[in-house]
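Welcome! Here is a short guide to charged side chains, the partners they meet and the places they sit.

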Amino acid sequence: MPSHYRIVSYICVLCSTTLGLGQEAPITTAAKRVPWTTSRMAGTPEPPPPYQVELAFPQLKFDRPVAITNAPGTDRLFVAEQGGKIYSFANDPDYDKSDLVVDLKKARPELGSIYGLTFPPNFERNRFVYVCYVMGSKPDGSRVVRFLMRDGDPREIDVASETVIITWLSGGHNGGCIKFGL
């Protein structure tokens, strides 16, 4: 049997024994590894291409942005900051002003973090905005909610229109990227 099969077999038995998944006998000796001397590979990997990071919107600054998305039917991009604010701005690299869409931390002081923001494909008709956020360590503290966006310039989210879609236990390492498929 080739040595790599013995190593994999040893690791699988060790893991299942450690995790209590099987009744295997404890392993007392490790198989000796046979050096691999038959490789015909030569040279070194090519270095990665020289990529340069470039700011897409150099005039704009955000504090801990976690999501960026567009609203269908508009030329605006929306950025959610982890601390609870959502901003919008024109999809133009020269644009130098972002508009506050909502400060959820102000509306919901118990809010811990925003983790996701998305718009449905039919946003132009229904004006729905979906947000995933966390409210401390609670049985229902992680949630996906739906808001209505008011028409106007700049547009704003109506926090009184909040509808909870789903909740789950919060605390620990939460996340909440939300997207609509086509």
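Let's begin with arginine 76, which has a relative accessible area of 16% and is therefore buried, since buried means under 20%. Please keep in mind that this is a predicted model. Arginine 76 forms a salt bridge with aspartate 99, and the closest N and O atoms of the two are 2.7 Å apart. This pair links distant parts of the chain, as arginine 76 belongs to strand β2 and aspartate 99 to strand β4 (residues 99-103), 23 residues apart.

**Around arginine 76**

- Aspartate 99 is buried too, because its relative accessible area is 9% and the cut-off for buried is under 20%.
- Arg76 and Asp99 are also part of a network of salt bridges that includes Lys97.

**Salt bridges elsewhere**

- How many salt bridges does a search of the whole structure find? The search finds eight.
- One of these joins the side chains of aspartate 140 and arginine 143, with an N to O distance of 3.5 Å.
- Arginine 150 and glutamate 156 also meet through their side chains in a salt bridge, at 3.3 Å from N to O.
- As general background, side chains of opposite charge can pair when their charged atoms come close.

**A closer look at arginine 143**

- Where does arginine 143 lie? You will find arginine 143 in strand β7, which covers residues 142-150.
- Is arginine 143 buried or exposed? Its relative accessibility is 11%, so arginine 143 counts as buried.
- Its partner aspartate 140 counts as partly exposed, because its relative accessibility is 34%, a value between the 20% and 50% cut-offs.
- Aspartate 140 meets arginine 143 through its backbone as well: the backbone oxygen of aspartate 140 lies 3.0 Å from a polar atom of the arginine 143 side chain.

**The pair of arginine 150 and glutamate 156**

- Arginine 150 has a relative accessible area of 41% and is therefore partly exposed.
- Glutamate 156 counts as partly exposed as well, because its relative accessibility is 35%.

**A negative patch on the surface**

- Which residues form the negative surface patch? The patch is made by Asp75, Asp92, Asp94 and Asp96.
- One of its members, aspartate 75, sits in the loop between β1 (65-70) and β2 (76-81).
- Aspartate 75 is exposed because its relative accessible area is 53%, and exposed means over 50%.

Key: Residues are numbered from 1 along each chain as its sequence is written. This is a predicted model: local features need pLDDT of at least 70, side-chain atom pairs count only at pLDDT 80 or more; totals for chains, interfaces and linings use all residues. Side-chain values use heavy atoms; hydrogens and water are left out. Patches are made of residues with over 30% relative accessible area and no salt bridge: like charges are joined within 9 Å, nonpolar side chains (Val, Leu, Ile, Met, Phe, Trp, Tyr) within 5 Å. Accessible areas come from the Shrake-Rupley method with a 1.4 Å probe; for residues, only the protein chains shown count as cover. A salt bridge is a side-chain nitrogen of Lys or Arg within 4 Å of a carboxyl oxygen of Asp or Glu. Lys and Arg count as positive and Asp and Glu as negative; His and the chain ends are not counted. The place of a charge is taken as NZ of Lys, CZ of Arg, CG of Asp or CD of Glu. Helices (H or I, at least four residues) and strands (E, at least two) are DSSP runs, numbered from the N terminus. Buried means under 20% relative accessible area, exposed over 50%, partly exposed in between (1.4 Å probe, protein chains only). A polar contact is a pair of N or O atoms within 3.5 Å; within protein, one must be able to donate a hydrogen and the other to accept it, and residues adjacent in sequence count only if both atoms are side-chain atoms.
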